[in-house]
Amino acid sequence: MFFEKLAEINGVINDFVWVKIGLVLLIGTGILMTCCTKFFQLSHIRHWWKQTIGSLFTKDSATTKKTDKKTISQFQALCTALAATIGTGNIAGVSAAIVIGGPGAVFWMWIAAFFGMMTNFSENVLGIYFRRRNRDGEWSGGPMYYLKDGLGRYRHCGKIGSVLGALFAVFAIFASFGIGNMGQINKITLNLQSAFFKNVSLGTVGGINVVNLLIGVALMIVAGLIIIGGLQRIAAFAERIVPFMAVVYCIGCIFLFFKHIGSVGAIFASIFRFAFGIKAVAGGAAGVMISQVITQGCKRGVFSNEAGLGSSVMVHSSSNVKEPVMQGMWGIFEVFFDTFVVCTMTAIVVLSSGFINLETGLAVEGVSDATLVSQAFGSAFGPLGEIFVAIAMLLFAFTTVLGWSQYGTKAVEYLFGHKGVRIYKVIFVVMIISGAVMTSSLAWDISDTFNGLMMIPNLIGVIALFPLVTKITNNYVNRKIRGGDEEPVLSYDPAIQDELKATLD
């Protein structure tokens with residue numbers, strides 16, 4: 001009775017946070033930041049592309065270099081952020097959007113990502129501008145800092161900024177245990193069990209499946225060795241694994257794309273046709289209204305790239321970059337790669353699999369969104385296809401756990417200082433076993449709510465500080481793109497401003 005009531009209350013809060021105000025606030029913020037920066041993601045696409053992924057191919061690039069042991073490189077910051085964003089949402093999340101909202105949901109996923117680019121850009125600009133060094137000399141930044149020191153500087157907003165900053169940190173900690181830990185680990189365990197241990201039975205201990213328990217212990221040990229080592233070790237791991245897993249997964253998707261090349265026209269036609277209409281009625285079943293198509297596409301897109309949640313800012317702020325806009329451009333690329341590349345690849349796999357009727361937009365009877373991608377690869381490659389997806393889910397979800405551990409660490413550091421960090425890390429690592437053996441979905445639903453609750457104070461801060469983002473962006477454009485002679489705008493703190501300016505190229 002208690003859990004049923006708890007689930008009911010959580011459902012009401014979740015619906016309010018994500019559907020009633022969340023998506024409107026997210027898209028609205030993205031449109032605002034896109035307009036006030038004069039469509040930076042389009043008008044300066046050549047520049048930000050060259051300064052981000054393009055810089056990896058230039059000789060002696062500063063992008064991959066660390067200036068000292070207290071920081072991580074710009075590319076490591078991106079990989080660590082992508083480690084947390086490229087997760088189960090890129091596979092199961094996309095297939096769920098298509099099964100529930102139809103092929104048209106993919107279009108709205110793209111729309112959310114287009115505007116989300118500038119939301120993520122703005123978060124990172126503010127994160128770099130308001131960051132400061134902790135007692136170990138490492139950079140600490142995130143929404144809690146620009147809420148307290150940015151929003152808090154406005155007249156009569158001092159207490160509001162501090163309260164919203166603290167609320168964001170609390171929500172981030174709870175979300176890190178749910179979406180960032182137990183939910184991901186549970187998906188890993190279920191996929192590994194299905195792919196490798198389907199016929200293995202070691203019994204139960206206290207009602208707990210022994211196979212799941214052993215998987216949990218193994219994941220806990222590996223994660224513990226990386227997480228306890230701190231951001232440097234997480235970033236080093238992410239820098240090696242994230243590019244590899246993304247490229248391998250995309251290669252598999254591209255293979256299926258060419259295998260079904262004849263249906264490509266029909267796939268994209270269905271995406272655009274169902275984006276603006278009612279999903280066709282089949283067998284008397286009710287169609288899906290345009291509002292649900294938009295909701296599913298935007299919601300799943302945000303779940304995947306996390307633009308607007310403020311989470312990845314906490315890692316981006318640890319970069320050795322000096323220019324706020326420079327890390328902001330990495331934020332644009334992060335959303336672009338996560339949604340326009342990885343999620344689109346998954347969508348093509350799902351829509352070309354034959355499990356979605358492109359004429360009606362409905363899923364074939366008996367198809368589950370949780371296993372749709374696995375079935376698609378399985379139909380093309382046999383058992384090896386399902387194993388491939390299981391390994392992809394393992395890498396995607398495990399790196400998400402590592403990325404979120406850093407988010408939670410920074411939130412704990414903000415609330416409780418450096419002493420609370422070690423305690424948090426130990427609890428976070430131990431909770432991995434819980435994720436492996438849990439069966440209830442209530443914990444995931446509650447953590448999903450906390451994930452959404454993070455977004456509200458963060459977006460309030462971004463909207464309130466949009467004039468500052470505009471000022472910093474215009475300053476960068478005038479200096480770096482137009483060749484003007486202006487004083488750089490690098491930090492809210494005069495001492496940090498002078499320090500960074502002295503070493504600015």
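**Figure 1. Surroundings of F268 in helix α11 of the predicted model.** Within this predicted model, F268 touches W110 and I348, when residues up to four places away in sequence are not counted. The residue is found in helix α11 and is partly exposed, with a relative accessible area of 28%. The C-alpha atoms of F268 and L358 are separated by 9.6 Å, although these two residues stand 90 residues apart along the chain.

**Figure 2. S270, a buried residue of helix α11.** Helix α11 spans residues 264-275 and includes S270, for which the relative accessible area is 0%, so that S270 counts as buried. A polar atom of the S270 side chain lies 2.6 Å from the backbone oxygen of I267. Leaving aside residues up to four places away in sequence, S270 touches P103, G104 and L358. L358, one of the residues touched by S270, is also the residue whose C-alpha atom is 9.6 Å from that of F268.

**Figure 3. Packing of helix α14 against helix α15.** Helix α14, made of residues 324-351, and helix α15, made of residues 372-381, pack at an angle of about 65°, and their axes are 9 Å apart. The crossing of α14 and α15 is left-handed. On the α14 side the contact is made by T346, V349 and V350, and on the α15 side by L372, V373, A376 and F377. Classed by residue type, the contact of α14 with α15 has 6 nonpolar residues and 1 polar residue, with no charged residues. The buried residues of α15 are L372, V373, S374, A376, F377 and G378.

**Figure 4. F381 and the residue that follows helix α15.** The place of F381 is in helix α15, where F381 is partly exposed, with a relative accessible area of 34%. F381 touches F255 and L256, again without counting residues up to four places away in sequence. The C-alpha atoms of F381 and L256 are separated by 9.5 Å, with the two residues 125 residues apart along the chain. Helix α15 is followed by G382, for which phi is positive, near 75°.

**Figure 5. F121 and the largest nonpolar core.** The largest nonpolar core has 129 residues, and F40, F121 and Y249 are those with the most contacts inside it. F121 touches T37, F40, V325, G328, M329, I332, V469 and T473, not counting residues up to four places away in sequence. F40, which is on this list of residues touched by F121, is thus named again among the residues with the most contacts inside the core. For the wider setting of this view, the protein has 20 helices and 4 strands, and 57% of its 505 residues count as buried. Among contacts in the protein between residues at least 6 apart in sequence, 80% join residues at least 24 apart.

**Figure 6. Polar contacts of the Q497 side chain.** Q497 is found in helix α20, which consists of residues 494-503, and at 13% relative accessibility Q497 counts as buried. The side chain of Q497 reaches the backbone oxygen of P488 at 2.7 Å, while a polar atom of the Q497 side chain lies 2.9 Å from the backbone nitrogen of L490. Q497 touches P488, V489, L490 and S491, with residues up to four places away in sequence not counted.

**Figure 7. Positive phi values at K38 and H156.** Most residues other than glycine have a negative phi. K38, although not a glycine, has a positive phi of about 60°. K38 lies in the loop between α1 (2-36) and α2 (40-43), and at 57% relative accessibility K38 counts as exposed. H156, likewise a residue other than glycine, has a positive phi near 65°. H156 lies in the loop between α7 (143-149) and α8 (158-196), where H156 is exposed, with a relative accessible area of 69%.

Methods. Residues are numbered from 1 along each chain as its sequence is written. This is a predicted model: local features need pLDDT of at least 70, side-chain atom pairs count only at pLDDT 80 or more; totals for chains, interfaces and linings use all residues. Side-chain values use heavy atoms; hydrogens and water are left out. Axes are lines fitted to C-alpha atoms, for helices over the stretch in contact, and angles run from 0 to 180 degrees between N-to-C directions. Helices (H or I, at least four residues) and strands (E, at least two) are DSSP runs, numbered from the N terminus. A crossing is left-handed if the near helix is turned anticlockwise from the far one by less than a right angle, and right-handed if clockwise. Contact means heavy atoms within 4.5 Å. Ala, Val, Leu, Ile, Met, Phe, Trp, Tyr, Cys and Pro count as nonpolar, Asp, Glu, Lys and Arg as charged, and the others, Gly among them, as polar. A nonpolar core is a set of buried Ala, Val, Leu, Ile, Met, Phe, Trp, Tyr and Cys residues joined through side-chain atoms within 4.5 Å. Buried means under 20% relative accessible area, exposed over 50%, partly exposed in between (1.4 Å probe, protein chains only). A polar contact is a pair of N or O atoms within 3.5 Å; within protein, one must be able to donate a hydrogen and the other to accept it, and residues adjacent in sequence count only if both atoms are side-chain atoms.
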